[in-house]
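Me: I am new to this structure and would like a close look at a single part of it. Please take me through that part in one connected account, and then set it against the rest of the chain.

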Amino acid sequence: TLTGRLADRFSPVRILTIWLIGLLVNAVLGAVGLATATGPTLVVLGLVWFFVAGIGNGGAAVPQQARLAGMAHESAAIVMALNASAISLGSALGGALGGVTLATGAAPHQLLLVAAVVLTATVLLHAAVVRSARRAEVGVPVG
């Protein structure tokens, strides 16, 4: 509800950009916090991190769907189906990457560092796509 209203008020691209950066910051802060906290502080920090991450991960879907629907009016249903498939594929690949990371002997809190690397790549790819779309809108050759 929150990100949908924000995307309507501002723009899906702006909200998605802010949201992805927020997820990246949450992963980095979580990695540092969970690596250094002990005892009851670790429990509280872990619960807060899981709450923020849960909201953050769910909140990115709405502006992404609004953005895709705006880009492909005539084929919005197909694009939404492909987006849902991509989300499922990403979940599977993320689980596999997490499993491989743990199998190499990494501590569970180090999964957040892996997530931060993936999110950094995501933010960079998102910025490149936004830049390319803006150039295409004004007729600047891409490439």
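Reply: Start with the lining of the largest pocket: helix 6 gives 11 residues to it, the largest share. The model is a predicted one, and the pocket is the part examined here.

The space inside the largest pocket comes to about 1400 Å³. Its lining is made up of 34 residues, and those nearest the centre of the pocket are L20, G90, V118, L119 and T122. Several helices share in this lining: helix 2 (12-36), helix 3, helix 4 (61-71), helix 5 (76-103) and helix 6 (111-138) supply at least two residues each.

These helices belong to a chain with six helices and zero strands. Written in sequence order, the pattern is α-α-α-α-α-α. The C-alpha trace covers about 55 × 30 × 30 Å along its principal axes. The chain has 143 residues, of which 26% count as buried.

A record also bears on this part of the chain. In an unreviewed UniProt entry, the annotation "transmembrane region" is placed on residues 15-36, 42-63, 75-98 and 110-130. Two of these spans can be compared with the model. Residues 75-98 are 96% helix and 0% strand, with 34 Å between the end C-alpha atoms. For residues 110-130 the figures are 95% helix and 0% strand, and the end C-alpha atoms lie 30 Å apart.

Helix 3, one of the helices that supply the pocket lining, can also be followed to the surface. V52 lies in this helix, which runs over residues 39-59, and V48 is found in helix 3 as well. V48 has a relative accessibility of 46%, so it counts as partly exposed. V52 is also partly exposed, because its relative accessible area is 39%, and the partly exposed class lies between the cut-offs of 20% and 50%.

Both valines belong to a nonpolar patch on the surface, formed by V44, V48, F51, V52 and I55. Together the residues of this patch have about 460 Å² of accessible area. For a sense of distance from V52, take T36: the two residues are 16 positions apart in sequence, and their C-alpha atoms are 19 Å apart in space.

To return to the pocket, the residues nearest its centre include V118, L119 and T122, and helix 6 spans residues 111-138.

Notes. Residues numbered from 1 in each chain as written. Predicted model: local features only at pLDDT ≥ 70, side-chain atom pairs only at ≥ 80, totals over all residues. Heavy atoms only, no water. Helix = DSSP H or I, 4+ residues; strand = E, 2+ residues; numbered from the N terminus. Buried < 20%, exposed > 50% of the residue type's maximum accessible area, 1.4 Å probe, protein only. UniProt positions renumbered as here; feature names shortened; annotations may be inferred. Patch = residues over 30% accessible without salt bridge, like charges linked within 9 Å, V, L, I, M, F, W, Y side chains within 5 Å. Areas by Shrake-Rupley, 256 points an atom, 1.4 Å probe, with all protein chains shown as cover. Salt bridge = Lys/Arg side-chain N within 4 Å of Asp/Glu carboxyl O. 1 Å grid on protein atoms, 1.4 Å probe; cavity = no way out; pocket = protein on both sides within 12 Å on 5 of 7 lines; lining within 4 Å. Points joined across faces, edges and corners; volume = space filled by probe spheres on them.
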